[in-house]
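Please open the model in your viewer with the cartoon and the sequence panel both visible. The stops below are meant to be selected one after another.

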Amino acid sequence: MKRTAEVVIVGGGCMGASVAYHLARLGITDVVLLEREKMLGTGSTGRNAGGVRHQFSNEANIRLSLESIGLMERFAEEVGHPIDFHQDGYLFLLSSEASVETFQRNVALQRRLGVDVQWLEAHDAAALVPGMNVDNVLAGTFCQRDGIADPNGVTMGFARTAQALGVTVERDVEVTAIATTSGRVTAVETTRGTIETRNVVNAAGPWARAIGQMADVHVPVDPIRRHIFIAAGDPMRVPPTHIMVIDFDTTFYFHREGAGLLFGMGDRQETPTFDTTVQWDFLPQVIDVAVTRLPALADASISRAWAGLYEMSPDGNPILGAASGVDGLYLINGFSGHGFQHSPAAGRILADLIAGRDPDFDLTPFAADRFVSPGAAAGERYVV
Ligand SMILES: Cc1cc2nc3c(=O)[nH]c(=O)nc-3n(C[C@H](O)[C@H](O)[C@H](O)COP(=O)(O)OP(=O)(O)OC[C@H]3O[C@@H](n4cnc5c(N)ncnc54)[C@H](O)[C@@H]3O)c2cc1C
């Protein structure tokens, strides 16, 4: 293993891979990416639903989406790897007056930023997804350019191209400590020895807090378990569309997956945990909500389920940029359930900062110190 590097990246999920790729594109290739598992992309990245959308409440997140979706549309040509990106759209269903009001405001914001998003009446929403019950739906929003992509394809595309450009990727190596001298990063300790470096990127997803602690930096990210279920489908009864439907007020979501249906829902009872065991007793709660919206699910059998970890920040916005208090430590953390889709832009922005370039992006809402001085920025409301 290399004993010195200009930049060491801790974590081989979509974030670490994106930073590696964007550094390499800037000509910074004396970079080592360290992943403790035997393969890349087995953390949150390997558990996610692949959803990609422009529809966020926070301007900075919409800007991340515009840039990231732009790159995903060009991914095969620009990065050189297929990502199976289908832009069948995201449909949000709103069933409370409060949500309608929030979404009206945010649709105006999204349109001002150039997002083509439609405001729908309940019957328009029903027409998009045959078999869906919209009895208590007051309105909906739809953006055709939203969609679903392959998280493994994005991660491996970034990582392989970074390697081809000269970046070193090491698997099965755990970072155990970060050394600092006079407030500056000097090295990382690993299970395979020390690497001297002046720049460390914390791309450890749900484990970001522990990496921060190694340098005495507080990274307020909690691991929160989220489930995904697959219903084996009778193709005649599963909606024929691949639109991602999000029932905003319950957080129940679904989209067609092969001949079946992928679905999930947030669990407000979850407390921070690294346990990713499937809680089967949560399934009946999901089904109760699900059959109201999608009656055909009552007859479906569940063929598969898994759980992964959201890396939650206190306000649902990421923590992106230089850490305060320790020079040379960079954070790309806390994406709160929407990190896969924002990894292209987030990696580009962080690579620019490391290279000393202007990222041309207002990072105020993502600043690491925003929790110390509250009120600096509003968080994200569309966390599903
Ligand atoms: C069920 C579920 C559904 C989701 N759906 C979506 C979605 O539809 N759209 C979307 O955009 N996002 C979604 N997300 C969120 C998305 O998966 C995450 O935001 C994203 O994957 C975070 O990527 P990451 O690279 O930061 O973290 P990870 O993929 O977790 O990568 C971090 C890596 O760091 C490694 N690591 C940790 N500690 C060390 C150490 N000490 N030394 C070396 N390596 C270390 C870990 O092994 C891991 O591989 C979902 C998440 C879940 C759980």
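Begin with strand β10, residues 184-190, which is joined to β11 by four bridges, the two strands running antiparallel. Strands here, like helices, are DSSP runs numbered from the N terminus, with at least two residues (E) for a strand and at least four (H or I) for a helix, and two strands are taken to pair if DSSP finds at least two bridges between them. What you have on screen is a predicted model, in which local features need pLDDT of at least 70 and side-chain atom pairs count only at pLDDT 80 or more, while totals for chains, interfaces and linings use all residues. Residues are numbered from 1 along each chain as its sequence is written, and side-chain values use heavy atoms, with hydrogens and water left out.

Staying on β10, select Thr 190, whose bridge partner in β11 is Gly 193, and then Glu 189, whose partner in β11 is Thr 194. The connection from β10 to β11 is a hairpin through two residues. Glu 189 also serves as the bridge partner of Ala 177, which brings you to the pairing of β9 with β10, antiparallel over six bridges.

Now widen the selection to the whole sheet, an open one of three strands in the order β9-β10-β11 with antiparallel pairing. Its edge strands are β9 (175-181) and β11 (193-196), each of which pairs on one side only. On average, neighbouring strands of this sheet are turned by 25° against each other, direction ignored; axes for such angles are lines fitted to C-alpha atoms, for helices over the stretch in contact, and angles run from 0 to 180 degrees between N-to-C directions.

Which residue takes a positive phi in the hairpin of β9 and β10? Select Ser 182: the hairpin has two residues between the strands, and the phi of Ser 182 is near 50°. For context, most residues other than glycine have a negative phi. Ser 182 has a relative accessibility of 78% and therefore counts as exposed, the cut-offs being over 50% relative accessible area for exposed, under 20% for buried and partly exposed in between, with a 1.4 Å probe and protein chains only.

Next, select the six strands that form an open sheet of mixed pairing in the order β8-β2-β1-β12-β19-β18. The edges are taken by β8 (168-170) and β18 (319-322), each with a single partner strand, so one side of each is left without a neighbour in the sheet. The twist from one strand to the next averages 20°. Within this sheet, β1 (residues 7-10) and β12 (residues 200-202) pair in the parallel sense over three bridges, and the partner of Val 10 in β12 is Asn 202.

Move on to strand β13, residues 222-232, where nine of the 11 residues are buried, so the strand is largely enclosed by the rest of the structure. Its pairing with β17 is antiparallel and counts 11 bridges, among them the one between Ala 231 and Ile 302 of β17. β13 also pairs with strand β16 (residues 260-264), again in the antiparallel sense, over three bridges; there, Ile 230 has Leu 262 as its bridge partner.

β17 leads on to a pocket, since β17 (301-312) and β15 (252-257) each supply at least two residues of the lining of the second largest pocket. This pocket has a volume of about 310 Å³. Of its 19 lining residues, the closest to the centre are Ala 49, Ile 148, Ala 149, His 255 and Glu 257. A pocket is an open set of points on a 1 Å grid over the protein atoms alone, where a 1.4 Å probe fits, with protein on both sides within 12 Å along at least five of seven lines, and lining residues have an atom within 4 Å of a point; the volume is the space filled by probe spheres set on the points. β15 gives the largest share of the lining, three residues.

Finish at helix α9, residues 339-354, which bends by about 40° at Ala 345, the bend being the angle between axes fitted to the seven residues ending there and the seven starting there. Of the 16 residues of α9, 15 are buried. After the helix comes Gly 356, with a positive phi near 80°. In the segment after α9 you will also find Asp 360, whose phi is positive, about 55°, although it is not a glycine. At 67% relative accessibility, Asp 360 counts as exposed.
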